[in-house]
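Here is a small set of exercises for you to work through at your own pace. Have the model open in your viewer, try each task, and then compare notes with the solution.

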Amino acid sequence: MKARVHVMLKDGVLDPQGEAVRHALGRLGFAGVQAVRQGKVIELDLAATDRAAAEAEVRAMCENLLANTVIETFTVEIA
């Protein structure tokens with residue numbers, strides 16, 4: 001079973017990497033970009049066969065290590 005985790009900064013948290021990307025895009029001629037938020041995607045190969053158990057395990061991974069839940073949000077996809 002595979003899991004994909006999307007981690008993004010919460011709204012209101014400054015995103016210096018996103019701002020740097022926005023400025024770079026402007027310098028490259030992409031003037032219509034008003035804001036950029038940068039996050040990360042983490043893909044996991046799991047031994048679990050039960051979808052609900054796999055999702056619960058991945059959520060625990062996120063809360064304990066993969067995401068800083070004080071300033072980040074995450075979503076989990078199980079395939």
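**Before you start**

This is a predicted model, in which local features need pLDDT of at least 70 and side-chain atom pairs count only at pLDDT 80 or more, while totals for chains, interfaces and linings use all residues. Residues are numbered from 1 along each chain as its sequence is written, and side-chain values use heavy atoms, with hydrogens and water left out.

**Exercise 1. Salt bridges within helices**

Take Glu 55 and Arg 59, and describe how exposed they are and how they pair.

*Solution.*

Step 1. Start with accessibility, where buried means under 20% relative accessible area, exposed over 50%, and partly exposed in between (1.4 Å probe, protein chains only). Glu 55 is partly exposed at 29%, and Arg 59 is partly exposed at 33%.

Step 2. Now look for a salt bridge, that is, a side-chain nitrogen of Lys or Arg within 4 Å of a carboxyl oxygen of Asp or Glu. Glu 55 and Arg 59 form one, with their closest N and O atoms 3.3 Å apart.

Step 3. Place the pair in the secondary structure; helices (H or I, at least four residues) and strands (E, at least two) are DSSP runs, numbered from the N terminus. Both residues belong to helix H2 (residues 51–66), and they are four residues apart, so about one helical turn separates them.

Step 4. Repeat this for helix H1 (residues 16–27), where Glu 19 and Arg 22 are three residues apart, again about one helical turn. Their salt bridge has an N to O distance of 2.5 Å. Glu 19 is partly exposed at 34%, as is Arg 22 at 22%.

**Exercise 2. A salt bridge between strands**

Which residue forms a salt bridge with Asp 45, and which parts does the pair tie together?

*Solution.*

Step 1. The structure holds four salt bridges. In one of them, Asp 45 pairs with Lys 2, the closest N and O atoms being 2.6 Å apart.

Step 2. Asp 45 lies in strand S2 (residues 40–45) and Lys 2 in strand S1 (residues 2–9), so the salt bridge ties together parts that are 43 residues apart in sequence. Asp 45 itself is exposed, at 62% relative accessible area.

**Exercise 3. The sheet and its helix**

Work out the strand order of the sheet, then find what packs on the sheet.

*Solution.*

Step 1. Two strands pair if DSSP finds at least two bridges between them. The three strands form an open sheet in the order S2-S1-S3, with antiparallel pairing. S2 and S3 are the edge strands, each pairing on one side only.

Step 2. For angles, axes are lines fitted to C-alpha atoms, for helices over the stretch in contact, and angles run from 0 to 180 degrees between N-to-C directions. From one strand to the next, the twist averages 20 degrees.

Step 3. Contact means heavy atoms within 4.5 Å. H2 packs on the sheet and touches S1, S2 and S3, its direction making about 155 degrees with that of S3.

**Exercise 4. The nonpolar core**

Which residues of the largest nonpolar core touch the most other members?

*Solution.*

Step 1. A nonpolar core is a set of buried Ala, Val, Leu, Ile, Met, Phe, Trp, Tyr and Cys residues joined through side-chain atoms within 4.5 Å.

Step 2. The largest one has 14 residues, and Val 5, Leu 44, Val 58, Cys 62, Phe 74 and Val 76 touch the most other members. S1, S2, H2 and strand S3 (72–78) each supply at least two residues of this core, and H2 gives the largest share, four residues.
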